[in-house]
Amino acid sequence: DMFYRSGDVRSTTTLLLEYLKPRGDREEDAAFQTKLFEINLLHAPQVADALFDVEEYTFSHYDRLKIAQLCERAQLFQRALEHYTDLVDIKRVLTNAPLIEPTFLLEYFGRMTPENCLECLTDLLK
């Protein structure tokens, strides 16, 4: 918290990763995992985006809704879709479909229920 309050995002990120990595993906570390993504989504979105893909840092206990909202705000629309579960949120993010990789969208729609997929596609065509 001290590093972050002084604006040192890099040191805060390093400290959180050094703490979290050896502990593994623990539920009791949810707040730290959330803070890690939050800090980077607010100040270094490209770092946050990369953190989602690093296999040695597999985190799953962070606040997914909060992180989805921050991903959307940082214009990481694909990441936002990966985190949102509510159809209203999903449809809102899909209004940015031209900025999302077509391959990802095809796979994403393929994972949706047929009803939800049809509803989203109908909204996109309006």
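## A look around an all-helix chain

In helix α7 of this predicted model, the buried residues are L87, D89, I90, K91, V93 and L94. That makes six of the eight residues of α7, so this helix is largely enclosed by the rest of the structure. What surrounds it? The buried residues of α7 pack against α5, α6, α8 and α9.

Let's step back for a moment and take in the whole chain. There are nine helices and zero strands, so to speak a string of α after α: the pattern reads α-α-α-α-α-α-α-α-α along the sequence. The C-alpha atoms fill a box of roughly 50 × 25 × 20 Å, taken along the principal axes. The chain has 126 residues, and 39% of them count as buried. Now take the contacts in the chain with a separation of 6 or more: 46% of them are between residues 24 or more positions apart.

### Two pairs of helices

How do the helices sit against each other? Here are two pairs that pack together.

| Helix pair | Angle between axes | Distance between axes | Crossing |
|---|---|---|---|
| α7 and α9 | about 40 degrees | 10 Å | right-handed |
| α2 and α3 | about 155 degrees | 10 Å | left-handed |

Start with α7 again. With an angle of about 40 degrees to α9, α7 counts as oblique to that helix. On the α7 side, the residues that meet α9 are L87, I90, K91 and L94. Their partners in α9 are N116, E119, C120, D123 and L124. You've already met L87, I90, K91 and L94 among the buried residues of α7.

The other pair is α2 and α3. Their angle of about 155 degrees makes these two helices roughly antiparallel to each other. From α2, the contact is made by V9, T12, T13, L16, L17, Y19 and L20. From α3, it is made by F32, Q33, K35, L36, I39, N40 and H43.

One of those residues deserves a closer look. N40 has its place in helix α3 and is buried, with a relative accessible area of 1%. Which residues does N40 touch, leaving out those up to four places away in sequence? The answer is V9, T13, P45, V47, A48 and L51. Two of these, V9 and T13, also appear on the α2 side of the contact between α2 and α3.

### A helix with two sides

Next up is α8, which covers residues 102–111. Its buried residues are F104, L105, Y108 and F109. Where on the helix do they sit? Seen down the axis of α8, they fall within an arc of 130 degrees, so they line one face of the helix. On the other side of α8 you'll find T103, L106, G110 and R111, which are exposed. The cover over the buried residues of α8 includes α6 (77–83), α7 (87–94) and α9 (114–125). So α7 turns up once more: its own buried residues pack against α8, among other helices.

### Rings that pair up

Finally, the aromatic rings. A pair of aromatic rings is described by the distance of the centres and the angle of the planes. The count here comes to eight aromatic pairs. Take Y19 and F32: their ring centres are 5.1 Å apart and their planes are at 65 degrees, so the pair is edge-to-face. This pair links distant parts of the chain, with Y19 in helix α2 (residues 9–23) and F32 in helix α3 (residues 30–43), 13 residues apart. Are these two buried or partly exposed? Y19 counts as partly exposed, at 36% relative accessibility, and F32 counts as partly exposed at 38%.

F37 and F52 also form an aromatic pair, and this one is stacked: 4.4 Å centre to centre, with 5 degrees between the planes. F37 lies in helix α3, while F52 lies in the loop between α4 (45–51) and α5 (64–73), so the pair ties together parts that are 15 residues apart in sequence. Both partners are on the inside by the numbers: F37 is buried, with a relative accessible area of 2%, and F52 counts as buried at 18%, since the cut-off for buried is under 20%. The two don't stand alone, either. F37, F52, Y57, F59 and Y62 form one aromatic cluster.

Technical notes: Residues are numbered from 1 along each chain as its sequence is written. This is a predicted model: local features need pLDDT of at least 70, side-chain atom pairs count only at pLDDT 80 or more; totals for chains, interfaces and linings use all residues. Side-chain values use heavy atoms; hydrogens and water are left out. Buried means under 20% relative accessible area, exposed over 50%, partly exposed in between (1.4 Å probe, protein chains only). Helices (H or I, at least four residues) and strands (E, at least two) are DSSP runs, numbered from the N terminus. The arc is that of the directions from the helix axis to the C-beta atoms. Contact means heavy atoms within 4.5 Å. Rings of Phe, Tyr and Trp (its six-membered ring) pair if their centres lie within 6.5 Å; planes under 30 degrees apart count as stacked, over 60 as edge-to-face and the rest as tilted. Axes are lines fitted to C-alpha atoms, for helices over the stretch in contact, and angles run from 0 to 180 degrees between N-to-C directions. Angles under 35 degrees count as roughly parallel, over 145 as roughly antiparallel, 65 to 115 as roughly perpendicular and the rest as oblique. A crossing is left-handed if the near helix is turned anticlockwise from the far one by less than a right angle, and right-handed if clockwise.
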